[in-house]
Every structure is written in structure tokens, then in C-alpha cells.
Amino acid sequence: MSAAGTPDAADRPDPTGLPDPAGLAEPAKEADLSRAILEIIREAGGEPRLIAVQDILEGLRERGLAEHLETSPPDDPCTALAAIVADLPEIASLASRSGQTLYHDPARLSRSYARLLDNQDAPDRLLAEAIRSHSRDYPRPVPVELFEKPPFDLASSDVAAILDAMAVKPQFQDIATIRTSTGTVYLFSSLYLPRAHAAFLAQQDATLSMNP
């Protein structure tokens, strides 16, 4: 208010009746940020790989979109970024064996495949996770040859050595084998499939494979 009682320009209502552009800037920035985060996570899934919040932040920096995170509270931009990612319904998180939280888009990279990727440096866990997920989710046993194909690409001798090592470890005692009448070896988890049912499914699968 001026000394003469006339409203200052800053106090007068906007004669246009339009919203303040400055008030629209913040939501627009957040929308751009969310879109960029989704793109970065989906690009990682296409490779395929899981991605940590630090990698997402680096991707935002390359796009010139990290300033909003780095100049807003809290002081740690990774904390702010993790909160945004947690609110994205399209994105799933995985508690990695490394202790990190890793992210992926289940539409591009399934949850089962994400767990496999996280166990790539531990072949016994890798095989066990694949066997258990098939027994639990489908449910069905898997032919041992599965692990000689992508994404595993293991030599048959390596698969045999890994299975031999797993057989004496308590944490893998649920992993069992079945040999069908055709001689094909199948693997299953007794936590999720009874042996009799696993044997029936394995025989059925082996018969269909021979008579497609």
C-alpha cells in the first residue's frame, strides 16, 4: 500500500485472471523430472540391468535436470530422488544382495529376471532363484539345459559343477532333480512343488518337446 492509500502494483490482483506463471513452474519441473526418471530406468531395463539411485541422478545431470534436486532440501539429492522414485507406480524396487536399493520397470524387466540379474555374481543363487521362481510362479520344473541358454549362457560342465556344489549346501536342500523317461533332467524346488507333481509335469513337458 502506498502512502496515499493507493494499492501498490504488487498488491493489485492480476487483471487477466490467469494463474501466476511462477506458480506453474514448480509442477512443470516435477513432471519433467518424473518423465526423465522413468526414461532412465526403462533405458537401463532394455540393456538389461538394474539401476541404483546414484545412477539415476547421474542420468539426470546429463540431461540438465538435476539442479532442482541439488538445490532443494533435503541436502542429499539422492534422498530426494529416492522419495520421487518411490512415488512412481510404474517402478519396482529390489533390495539387492549388495545392500543397495535397485530399481526397474516390471513392464520392461520382470521381477523374476531382476532377481536373476542381482545374483549374476553368485551362480548357485542364480540357479536356485530361477528354479524356485518357476516352481513357485508357474508352477513347473525346468530342464537343466535352460541354463545353457540366454540369459545364463553357462557351459553344461559349469551347470553340473554348480549343482554338485549346491547339493551339499543347507540353503539349497529344496533344489531337487528328476529324470524323465526320455533321459532329460529337470530341476524343481520342493518348497513349491511336490516331487510326484513335478515328475508328472516334467514328463509332460518332455513328451511335448518330442512331439511339438
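# A tour of the chain

Start with the whole chain: buried residues make up 36% of its 212 residues. Buried means under 20% relative accessible area, exposed over 50%, and partly exposed in between, with a 1.4 Å probe and protein chains only. This is a predicted model, where local features need pLDDT of at least 70, side-chain atom pairs count only at pLDDT 80 or more, and totals for chains, interfaces and linings use all residues. Residues are numbered from 1 along each chain as its sequence is written, and side-chain values use heavy atoms, leaving out hydrogens and water.

**Elements.** Switch to a cartoon view. The chain has eight helices and six strands. From the N terminus, they run α-β-α-α-α-β-β-α-α-β-α-β-β-α. Helices (H or I, at least four residues) and strands (E, at least two) are DSSP runs, numbered from the N terminus.

**Confidence.** Colour by pLDDT, the predictor's confidence in each residue, from 0 to 100. The chain averages 86, and 84% of the residues score at least 70. Among the elements, strand E6 (residues 185–189) has the highest mean, 98, and H1 the lowest, 78. Now select residues 15–25. Their pLDDT is below 50, and this stretch has zero contacts beyond near neighbours in sequence. A contact means heavy atoms within 4.5 Å. Where pLDDT is low, the predicted coordinates should not be read in detail.

**Largest core.** Select Ile37, Ile41, Ile56, Leu60, Leu81, Val85 and Tyr103. These have the most contacts inside the largest nonpolar core, which has 21 residues. Such a core is a set of buried Ala, Val, Leu, Ile, Met, Phe, Trp, Tyr and Cys residues joined through side-chain atoms within 4.5 Å. Helices H1 (21–45), H2 (53–62) and H4 (77–86) each supply at least two of its residues. H1 gives the largest share, seven residues. Which residues does Val85 touch, not counting those up to four places away in sequence? They are Ile37, Ile41, Ile56, Ile91 and Tyr103.

**Another core.** Apart from the largest core lies another, of 19 residues, including Ala130, Ile131, Ile162 and Met166.

**Largest pocket.** Select Ser110, Ser112, Tyr113, Leu116, Glu129, Ala130, Ser133, His134, Asp137, Tyr138, Leu146 and Phe152, which line the largest pocket. Helix H5 (111–118) and helix H6 (123–137) are the elements giving two or more residues to this lining. The largest share, five residues, comes from H6. On a 1 Å grid over the protein atoms alone, a pocket is an open set of points where a 1.4 Å probe fits, with protein on both sides within 12 Å along at least five of seven lines; lining residues have an atom within 4 Å of a point.

**His134.** Stay with the lining and pick His134, in helix H6. Is His134 buried or exposed? His134 is buried, because its relative accessible area is 16%. Not counting residues up to four places away in sequence, His134 touches Pro139, Arg140, Val142 and Leu146.

**Loops.** Go to Pro48, in the loop between H1 and strand E1 (51–52). The peptide bond from Glu47 to Pro48 is cis, with omega near -10 degrees. Next, find Pro151, in the loop between strand E4 (142–143) and helix H7 (156–166). The bond from Pro150 to Pro151 is cis, with omega near 5 degrees. Finish at Asp153, also placed between E4 and H7. Phi of Asp153 is near 55 degrees, a positive value in a residue other than glycine. Asp153 is exposed, with a relative accessible area of 51%.
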